[in-house]
Amino acid sequence: MNIHPKSATLSIPETGAIPEHIAIIMDGNGRWAQSRYLPRVEGHRRGAEVVRKILIACKDRGVKHLTLFAFSSENWRRPPSEVALLMKLFKVMLEREVSKMHAAGIRFRVIGDLSRFEESMVKMIHDSEQLTAENTELTLTIAANYGGRWDILQAMRTLALERPECMTQVQEEDLRPYLCMADAPEPDLFIRTGGEQRLSNFLLWQLAYTEYYFTETLWPAFDGEELDKAIESYQKRERRFGRTSDQLREAAIEAREAIGL
Ligand code: IPE
Ligand code: IPE
Ligand code: MG
């Protein structure tokens, strides 16, 4: 796996730029359905259609990485019938959508603990990842049976196995290559639909300096216009990473002078 050289906490993206990496907690499917007297599963079906639309919208806007929380390690606590339907929807997506994504130049990845998934599903995931591995338009990462704490722990365990000598002095740079999102820059913009303002154990490590955007809009009602609102909000923010505004202005002037502007 290629390790992404950029960490948002180390390099400062330009203010006003399109976020290179957007991470989304797609929440509110159940409430969307229930408010229409529909079964919760109908909300999930509609939510899956929205994934397709938002993927294309992100690609059109020049976003390079889209990471979606589809199923958390805590979602197994839901009624078995709802869990089964979510698995089925994921399988249908793998069967029907991956070839379309490949044709559109999209790289497809899944992160999470796959040990609880059926063998046939794990094979489909690996085949899809392999098929699309060289695509460069946009990387879509689906977090399935994913938990941020699990991610940090699995990285620690692998590091301990591969480099036991560094464990007592372990640094961020040692751990980073073993985290699930090691080959992507950290998310610039985090969106959570559905009104809740929490992380629900999503990318805990990677969201350390991300800009957060919360909207009441339920995921099945989210669209390109809502995405633009989130991007606009992001573009107005000054990302300081601990520095002062004056320092950022000086750095911008120096950067312009360095390229003769
Ligand atoms: C998000 O919608 C989808 C998953 C967690 C799989 P929810 O199903 O959590 O919808 P609400 O929050 O109950 O409305
Ligand atoms: C979080 O949604 C995970 C996904 C969207 C897949 P939940 O709706 O399950 O989150 P909590 O448990 O209410 O925080
Ligand atoms: Mg929810």
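**Exercise 1. Ligand 1**

What is the distance from an oxygen atom of ligand 1 to an N or O atom in the side chain of R40? Place the contact among the surroundings of ligand 1.

Solution. The model is a predicted one.
- Step 1: list the surroundings. The residues around ligand 1 are M26, D27, G28, N29, G30, R31, R40, H44, A70, N75, R78 and L86.
- Step 2: take R40. An N or O atom of the R40 side chain is 2.9 Å from an oxygen atom of ligand 1.
- Step 3: add the other contacts. D27 brings a polar side-chain atom to 2.8 Å from an oxygen atom of ligand 1. G30 uses its backbone: an N or O atom there lies 2.9 Å from a ligand 1 oxygen atom.

**Exercise 2. Ligand 2**

State which residues surround ligand 2, and give the distances for R78, R198 and S200.

Solution.
- Step 1: the surrounding residues are I25, M26, D27, F69, A70, F71, S72, N75, R78, R192, R198 and S200.
- Step 2: for R78, a polar side-chain atom is found 3.0 Å from an oxygen atom of ligand 2.
- Step 3: for R198, the corresponding distance from a polar side-chain atom to a ligand 2 oxygen atom is 2.6 Å.
- Step 4: for S200, an N or O atom of the side chain is 2.5 Å from an oxygen atom of ligand 2.

**Exercise 3. Helix 4**

Check the length of helix 4 (residues 119–132) and explain why its buried residues line one face.

Solution.
- Step 1: at 1.5 Å a residue, the 14 residues of helix 4 should span 20 Å, and the end C-alpha atoms are 20 Å apart, which agrees.
- Step 2: the buried residues of helix 4 are M121, V122, I125, S128 and T132. Seen down the axis of helix 4, these buried residues fall within an arc of 125°, so they line one face of the helix.
- Step 3: an α-helix has 3.6 residues a turn, so residues three or four places apart point the same way.
- Step 4: E119, K123 and Q130 are exposed, on the face of helix 4 turned away from its buried side.
- Step 5: helix 3 (80–103) and strand 3 (106–111) are what the buried residues of helix 4 pack against.

**Exercise 4. Strand 4 and helix 5**

Describe the cover and pairing of strand 4 (residues 138–146), then treat helix 5 (residues 148–162) as helix 4 was treated.

Solution.
- Step 1: in strand 4, 9 of 9 residues are buried.
- Step 2: strand 2 (residues 65–72) runs parallel to strand 4 and is joined to it by 7 bridges; H65 has T139 as its bridge partner in strand 4.
- Step 3: strand 3 also pairs with strand 4 in the parallel sense, over 6 bridges, with T141 as the partner of R109.
- Step 4: the 15 residues of helix 5 should span 21 Å at 1.5 Å a residue, in agreement with end C-alpha atoms 21 Å apart.
- Step 5: G148, D151, Q154, A155 and L159 are buried in helix 5. Viewed down the axis of helix 5, its buried residues fall within an arc of 135°, so they line one face.
- Step 6: R149, R157 and L161 are exposed on the face turned away from that buried side. The cover over the buried residues of helix 5 includes strand 4 and helix 6 (172–175).

**Exercise 5. T217**

Is T217 buried or exposed?

Solution.
- Step 1: T217 sits in the loop between strand 6 (211–214) and helix 7 (224–235).
- Step 2: its relative accessibility is 18%, so T217 counts as buried, the cut-off being under 20%.
- Step 3: beyond its neighbours within four places in sequence, T217 is in contact with T193, G194, F222 and E226. The side chains of T217 and E226 are joined by a polar contact of 3.2 Å.

Methods. Residues are numbered from 1 along each chain as its sequence is written. Chains are lettered from A and ligands numbered from 1 in the order in which they are written. This is a predicted model: local features need pLDDT of at least 70, side-chain atom pairs count only at pLDDT 80 or more; totals for chains, interfaces and linings use all residues. Side-chain values use heavy atoms; hydrogens and water are left out. Helices (H or I, at least four residues) and strands (E, at least two) are DSSP runs, numbered from the N terminus. The expected span of a helix is 1.5 Å times one less than its number of residues. Buried means under 20% relative accessible area, exposed over 50%, partly exposed in between (1.4 Å probe, protein chains only). The arc is that of the directions from the helix axis to the C-beta atoms. Contact means heavy atoms within 4.5 Å. Two strands pair if DSSP finds at least two bridges between them. A residue is near a molecule or strand if one of its heavy atoms lies within 4 Å of it. A polar contact is a pair of N or O atoms within 3.5 Å; within protein, one must be able to donate a hydrogen and the other to accept it, and residues adjacent in sequence count only if both atoms are side-chain atoms.
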